[in-house]
Amino acid sequence: MMESSLYIHIPFCISKCAYCDFFSKPYEAVPDSYIDALCNEIDFRISENNIKKLKTIYIGGGTPSLLTENQLKKIFSKIKSSVELAFDVEITIEVNPDDVTETLLRALFDCGVTRISCGIQSMNDSVLKKACRRADVQTNKNAMEIISQNWKGEVSYDLISGLPGESEESLIAGLNELCLYKPDHISLYSLTIEENTPFGKQLAAGNLDYDFDYADKLWLAGRDFLEAHGYKWYEVSNFCLPGKECRHNLVYWNHGNYIGCGSGACGTVYKPDGSGFRWTNNSDIDEYIKVQNGQPPQSSENIELETSQFEFFMMGLRKTIGISEKEYKEIFACGLPEKFLLLFNAWKEKGLCTLTQDGRYAMSREGMLFLNRFLEDLF
């Protein structure tokens, strides 16, 4: 494999949000020993997979904005000494509003970061408090102002629709405030209440009054608002100004190769026939740190051809432009399966799927809301 993308996981947070199901541990600071182990894994994964060039890099978490300037420099120095970066490489890092300072932004820019993704989540103080967010509304505003005045790269903001206590009025007001800063990209996620999160436990115990239908209504209102303000809906939860899609996430949605480094990180590489191999690093940070050379503790699976084909549809149909037979042939060396075509045509008759003039198979505007049902029917 010559070209790939890289995901780096920083699994440390000062505190855990009530909705978060991502792997992270409570730490006040990122240990230097973790950075040493991370740099060694970057070396190992690039060599093991014969990677010659990276086209995108994404640093997520957790809270990557807890990294010190020296830790950032060490990570990027290791990457740049280990592999070539594409001339137009996209490098994204997630930041929390309460960590945003001019000093941090300067350090990120000096390291080559081209894009920051800032988790605003809501512009309603009572909602933020219920969600156990560190930042309040004023902190969110301060972060957006600092970014607006000092950041030279691209900007993405995250909001979560349907957080407990959010109203349609407060959601739209929050989106309106974000749009005043003209970010390149906005992710509007619909809240999913996972079983092992604080919200999930509250719901199971009967201590959380939650209206799922109203939450769906909120997301639709947010989608319509963003589109009316010039943001293209290009994936289930993502909107952007023209040409400002997140190229790293498109790697996932387009069935591309990516290596994952860090405790809890996942990576997937595909073989010439379309089958693949996937690993997930152990979520024991202490065990991860102990491995100073070679492969960290991991679980792995061979992705059989049928599974890989299902994932092609599962990820590709998340995009509003859908998928094409040409893309499918390039990966699997055969045409689209008959069972897909039959189901697609049946849904097309109901107005839930659409075949574009340039031959792309996509969910319709209404059909996108029933994507999971389509995939269940397909497989």
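**Exercise 1.** Is N150 buried, partly exposed or exposed? Place the residue in the predicted model and name its contacts.

*Solution.*
- Start with the secondary structure. N150 belongs to helix 5, which covers residues 137–150.
- Take the relative accessible area of N150, 32%.
- Apply the cut-offs: buried means under 20%, and exposed means over 50%.
- The value for N150 is 32%, so N150 is partly exposed.
- Now look for partners. Setting aside residues up to four places away in sequence, N150 touches E102 and L105.
- Check the distance to L105. N150 and L105 are 45 residues apart along the chain, yet their C-alpha atoms are separated by 7.3 Å.

**Exercise 2.** Describe the overall fold of the protein chain in terms of elements, dimensions and contacts.

*Solution.*
- Count the elements. The protein chain has 14 helices and 17 strands.
- Test for a globule. A compact globule of 379 residues would have a radius of gyration near 21 Å; the protein chain has 21 Å, so the two agree.
- Add the box. Along the principal axes, the C-alpha atoms fill roughly 55 × 50 × 45 Å.
- Look at burial. Of the 379 residues, 51% count as buried.
- Turn to contacts with a separation of 6 or more. Residues 24 or more positions apart account for 69% of these.

**Exercise 3.** Characterise the surface and the charges of the protein chain.

*Solution.*
- Begin with the area. The accessible surface comes to about 17,300 Å².
- Split that surface by atom type. Carbon and sulfur atoms hold 48% of it.
- Count the charges. There are 38 positive and 54 negative ones.
- Compare their mean positions. These lie 3 Å apart.

**Exercise 4.** Which residues touch the most other members of the largest nonpolar core? Then find the second core.

*Solution.*
- The largest core has 88 residues.
- Within this core, I79, F313, F340 and F374 touch the most other members.
- Ask which element gives the largest share. Helix 1 (residues 32–48) does, with seven residues.
- Zoom in on F340. Beyond its neighbours within four places in sequence, F340 is in contact with F313, L317, I323, Y361, F374 and L378.
- Move to the second core. This separate set has 14 residues, among them C17, A18, L163 and Y210.

**Exercise 5.** Work out the setting of Q121.

*Solution.*
- Locate the residue. Q121 is part of strand 6, residues 115–121.
- Judge its burial. Q121 has 9% relative accessibility, and therefore counts as buried.
- List its contacts. Leaving out residues up to four places away in sequence, Q121 touches Y19, R133, D158, L159, I160 and L163.
- Add a distance. Q121 and L171 are 50 residues apart in sequence, and their C-alpha atoms are 9.8 Å apart.
- Read the backbone angle. Phi of Q121 is positive, about 70 degrees, although Q121 is not a glycine.

**Exercise 6.** Where do the backbone angles depart from the usual pattern?

*Solution.*
- Recall the rule. Most residues other than glycine have a negative phi, and most peptide bonds are trans.
- Find a cis bond. One joins G61 and G62, with omega about 20 degrees.
- Place G62. This residue sits in the loop between strand 4 (53–61) and helix 2 (69–82).
- Find a positive phi. A333, a residue other than glycine, has phi near 60 degrees.
- Place A333. The loop between helix 12 (325–332) and helix 13 (338–349) holds A333.
- Judge the accessibility of A333. Its relative accessible area is 71%, so A333 is exposed.

Notes: Residues numbered from 1 in each chain as written. Predicted model: local features only at pLDDT ≥ 70, side-chain atom pairs only at ≥ 80, totals over all residues. Heavy atoms only, no water. Helix = DSSP H or I, 4+ residues; strand = E, 2+ residues; numbered from the N terminus. Rg over C-alpha atoms; globule rule 2.2 N^0.38 Å. Buried < 20%, exposed > 50% of the residue type's maximum accessible area, 1.4 Å probe, protein only. Contact = heavy atoms within 4.5 Å. Areas by Shrake-Rupley, 256 points an atom, 1.4 Å probe, with all protein chains shown as cover. Lys, Arg positive; Asp, Glu negative; His and termini not counted. Charge placed at Lys NZ, Arg CZ, Asp CG, Glu CD. Core = buried A, V, L, I, M, F, W, Y, C linked by side-chain atoms within 4.5 Å.
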